[in-house]
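Q: I have a structure open in front of me and would like to learn how to read it, one feature after another. Could you guide me through it?

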Amino acid sequence: MSVPWVYIGDLPSKIDSQVTLRGWLYNMRSSGKIHFLQLRDGTGTVQGVMVKSEVSEDLFAVAKGLRLEASVEVTGLVRRDERAPSGVELSVSGLKILQNPESEYPIGKKDHGIDFLLDNRHLWLRSSRQYAIMKIRDRVIWAAREFLHSDGYLLVDSPIISGAAGEGASGLFEIDYFDSKAYLAQTGQLYAEAAAAAYGKVYCFGPTFRAEKSKTRRHLTEFWMLEPEVAFYDHKDNMDLQERLIVHLVSQVLEHCGEELHTLERDVSKLENIKSPFPHLQYSEAIDMLSRLGSSTLYGSDLGNEDETILTKQFDRPVFIENYPKSVKAFYMKEHPDNPDLVLCDDLLAPEGYGEIIGGSQREDDYDRLLARIREEGLPEEPYDWYLDLRRYGTFVHSGFGMGIERVVAWVSGLQHIREAIPWPRTIYRLKP
Ligand code: NSS
């Protein structure tokens with residue numbers, strides 16, 4: 001369907017034509033004789049130049065009264081302008097005000113505190129910085145789906161309402177489900193495993209929930225996770241897939257989001273380093289390295305955020321930490337064939353202090369061992385009977401992983417905090433807007 005207006009992103013192909021745009025007034029400067037109207041419409045921004053001597057006095061006066069974020073319809077001639085980032089400028093001859101706000105736009109040019117900005121997330125999203133982040137997020141998701149789809153993966157989405165914990169009983173959001181209890185999904189993995197037994201190479205992608213009371217810059221209570229699961233892949237194949245995916249995502253962002261990375265003042269040389277092969281450390285080697293670097297984390301405990309930050313600073317690309325102690329990882333991971341105290345798993349840590357972006361493992365495919373692990377963890381057996389069926393009927397070596405979209409977006413975009421990487425962040429203290 002063609003519309004009776006044009007998009008700012010299409011203006012470079014409309015030089016010397018008369019066009020009408022619809023959008024919002026992003027910024028405005030006036031010199032008395034000229035108004036410079038910075039316009040945005042979601043496809044880009046353009047400077048509209050209104051010259052007093054070229055329009056009626058009324059129109060010039062009306063334009064002067066515009067407030068930031070007024071919605072407008074603007075008509076004018078597209079001119080080439082080498083100095084403009086988009087290469088064009090608009091000589092404005094007509095202006096229709098769709099709505100001029102009655103009060104000042106709350107987000108001004110001064111520095112606002114983060115709480116104020118988060119309270120006004122519905123407006124903050126309009127800023128060029130947030131727009132750049134959302135474009136990078138869109139590119140990461142799009143590139144991940146395309147990567148998997150073109151390699152023959154089938155998207156098989158998992159439910160959000162579930163009767164069993166996926167990652168361990170702590171951190172579950174419990175909901176009333178008619179006469180019983182249900183939980184918001186912490187992961188789609190168990191369902192992805194069933195789908196892998198049905199269709200081989202699969203993935204699910206959707207929101208996941210953790211009721212963790214973590215107040216770090218890496219934790220959300222609602223985040224999006226991409227979870228591939230592959231029949232007949234072992235631990236090594238799994239890490240190889242993770243590496244290829246991450247290299248692809250970063251190269252796609254570099255190729256398509258140059259302007260956005262520039263807006264965010266991202267040091268792209270750091271992203272240009274992201275090439276195969278990624279280094280690998282065994283968990284035990286990571287603990288040794290940490291102790292040399294002054295951490296007090298002992299063998300047998302999980303790595304904390306600080307530890308991850310220290311480790312990633314030793315490398316210029318993501319690093320795999322492999323084969324953690326069974327006691328700190330989820331029940332479904334396969335026991336290491338050479339050491340029953342370890343499991344075949346990996347965490348992939350992003351550089352520059354960002355830390356874990358992926359958690360993956362080979363899955364326990366032995367019925368008896370899996371049942372024993374469920375019992376050891378004190379999990380109820382009944383909700384997992386269908387999951388155990390996968391080990392009864394044609395059990396198979398299989399592996400998979402979960403990649404947190406916001407963690408990847410925060411890293412690639414160079415954000416201080418994960419809350420900017422999702423349009424509507426949910427944290428312990430934030431449910432609004
Ligand atoms: O807990 S994970 O390490 N692993 C799983 O959930 C597996 N069941 C995935 C699988 O094998 N299919 O989480 C995976 C990733 C982790 O590396 C982070 O990138 C992200 O999910 N993650 C989070 N992002 C934001 N906020 C929170 N709270 C969070 N927790 C995990």
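A: Let us start with a definition: a polar contact is a pair of N or O atoms within 3.5 Å, and within protein one of the two must be able to donate a hydrogen while the other must be able to accept it. Please keep in mind throughout that this is a predicted model.

Q: Which residue caps the N-terminal end of H11, and which atoms take part?

A: The cap on the N-terminal end of H11 is Asp 366, whose side-chain oxygen lies 3.2 Å from the backbone nitrogen of Asp 368. Beyond the other end, just after H11, you will find Gly 378 with a positive phi of about 70°.

Q: Which residues of helix H11 are buried, and why do they line one face of the helix?

A: A residue counts as buried when its relative accessible area is under 20%, and as exposed when that area is over 50%. In helix H11, which spans residues 367-376, the buried residues are Leu 370, Leu 371, Arg 373 and Ile 374. Looking down the axis of H11, you see these buried residues fall within an arc of 160°, and therefore they line one face of the helix.

Q: What covers that buried side of H11, and what does the face turned away from it carry?

A: Part of the cover over the buried residues of H11 comes from helix H12, residues 385-392. The face turned away from the buried side carries the exposed residues Asp 368 and Glu 376, and Asp 368 is also the residue whose backbone nitrogen faces the capping oxygen of Asp 366 at 3.2 Å.

Q: How should I read the surroundings of the ligand, and which residues come nearest to it?

A: Begin with the neighbours, and then turn to individual atom pairs. There are 23 residues around the ligand, and those that come nearest are Glu 167, Gln 189, Glu 227, Glu 356 and Arg 363. A polar side-chain atom of Glu 167 lies 2.5 Å from a nitrogen atom of the ligand, while for Gln 189 the distance from a side-chain N or O atom to a ligand nitrogen is 2.7 Å. Tyr 332 likewise has a side-chain N or O atom 3.2 Å from a nitrogen atom of the ligand. On its own the ligand has 630 Å² of accessible area, and the protein covers 94% of it.

Q: How many helices and strands does the protein chain have, and what share of its residues is buried?

A: The protein chain has 13 helices and 18 strands, and 50% of its 433 residues count as buried.

Technical notes
Residues are numbered from 1 along each chain as its sequence is written. This is a predicted model: local features need pLDDT of at least 70, side-chain atom pairs count only at pLDDT 80 or more; totals for chains, interfaces and linings use all residues. Side-chain values use heavy atoms; hydrogens and water are left out. Buried means under 20% relative accessible area, exposed over 50%, partly exposed in between (1.4 Å probe, protein chains only). Helices (H or I, at least four residues) and strands (E, at least two) are DSSP runs, numbered from the N terminus. The arc is that of the directions from the helix axis to the C-beta atoms. Contact means heavy atoms within 4.5 Å. A residue is near a molecule or strand if one of its heavy atoms lies within 4 Å of it. Accessible areas come from the Shrake-Rupley method with a 1.4 Å probe; for residues, only the protein chains shown count as cover.
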